[in-house]
Amino acid sequence: MAATRVIAAVAAGNSSHTALLFRGPLHLRRSLGVNLCFKNTRFVPKQRLFSCSALYKPEVHIKEEGQPETLDYRVFFLDNSGKKISPWHDIPLQLGDGTFNFIVEIPKETSAKMEVATDESYTPIKQDTKKGKLRYYPYNIHWNYGLLPQTWEDPSFANSEVEGAFGDNDPVDVIEIGESPRKIGQILKVKPLAALAMIDEGELDWKIVAISLDDPRASLVNDVDDVEKHFPGTLTAIRDWFRDYKIPDGKPANKFGLGNKAANKDYALKVITEANESWARLVKRSAPAGELSLV
């Protein structure tokens, strides 16, 4: 029998996470210079001098439906009123001061291939399938893995810096290198440190390397060189893991652009900004959505 239960308020750092649900690109938020006020969840800019009496600050909860490791298992996200929201579209990307929201899909040291269902209403997290069977990695992933909300890798855009590869039609992936295994659906405040340009069967699939702000070593790392210093061998291990994980299934190894190396933080921020702008075009229907859910 399918089970349904609300788990908890999603934590970010050491406190319950409260998020503003703002559907708009990073450059718009920077250029407006405004407080974010909402009425019926629609965005209304207000001048700084005015108070915001209609501020919409829901706590985000997650609700499991079905049993884990079954085809009907879903992890939905709810606002404080119990209404379903989309982790992809409704959780804000940027938190300010160079930090971002990261949504955990696959906890560290697990192998079930969990992902946001971009073609289902409210884009819940589910276990990926192939030919009707649940998918697993051939071995555990050694970092927390998930997505940056409000980003999209546009499949119509050929990236001239990465062998002309087209986007993979998904949100941007994050590899969080902190020491603690997290939970499916958990929202973490992270800072980007580096970017890897993975090419998977000809599609560009960015991997942003980041660390949660509540990790004990977070203050030590601010760019790619710090990762090499304080997490020696980690960038190579990440690249090799994602290069080779399909080989046991008889597929070729994935490739990496940008000279097979991790790009620095500034480059990672550029990737995030461009993907956020692509997402904004998607939700405004300036780019074709195909089978993607915009709810």
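This passage describes strand 7 and its surroundings in a predicted model.

Strand 7, which spans residues 74-78, is largely enclosed by the rest of the structure, because five of its five residues are buried. In a regular strand the side chains alternate between the two faces of the sheet. In strand 7 both of these faces are covered, with Arg-74, Phe-76 and Leu-78 buried on one side and Val-75 and Phe-77 buried on the other.

Strand 7 is paired with two other strands. Strand 6, comprising residues 61-65, runs antiparallel to strand 7 and is joined to it by five bridges, and within this pairing Glu-64 lies opposite Val-75. Strand 8, comprising residues 84-85, is likewise antiparallel to strand 7, the two being connected by two bridges, and here Leu-78 has Lys-84 as its bridge partner. Strands 7 and 8 together form a hairpin in which five residues lie between the strands, and Gly-82, situated in the turn, adopts a positive phi of about 90°.

The loop between strand 7 and strand 8 also contains Asn-80. In contrast to the buried residues of strand 7, Asn-80 counts as exposed, because its relative accessibility of 53% lies over the 50% cut-off. The side chain of Asn-80 nevertheless forms a polar contact, at 3.4 Å, with the side chain of His-61, a residue that falls within the range of strand 6. A further relation to a part of the chain that is distant in sequence is seen in the C-alpha atoms of Asn-80 and Glu-59, which are separated by 5.2 Å although the two residues are 21 residues apart along the chain.

Conventions:
Residues numbered from 1 in each chain as written. Predicted model: local features only at pLDDT ≥ 70, side-chain atom pairs only at ≥ 80, totals over all residues. Heavy atoms only, no water. Buried < 20%, exposed > 50% of the residue type's maximum accessible area, 1.4 Å probe, protein only. Helix = DSSP H or I, 4+ residues; strand = E, 2+ residues; numbered from the N terminus. Pairing = 2+ DSSP bridges. Polar contact = N/O pair within 3.5 Å; in protein donor to acceptor, adjacent residues only side chain to side chain.
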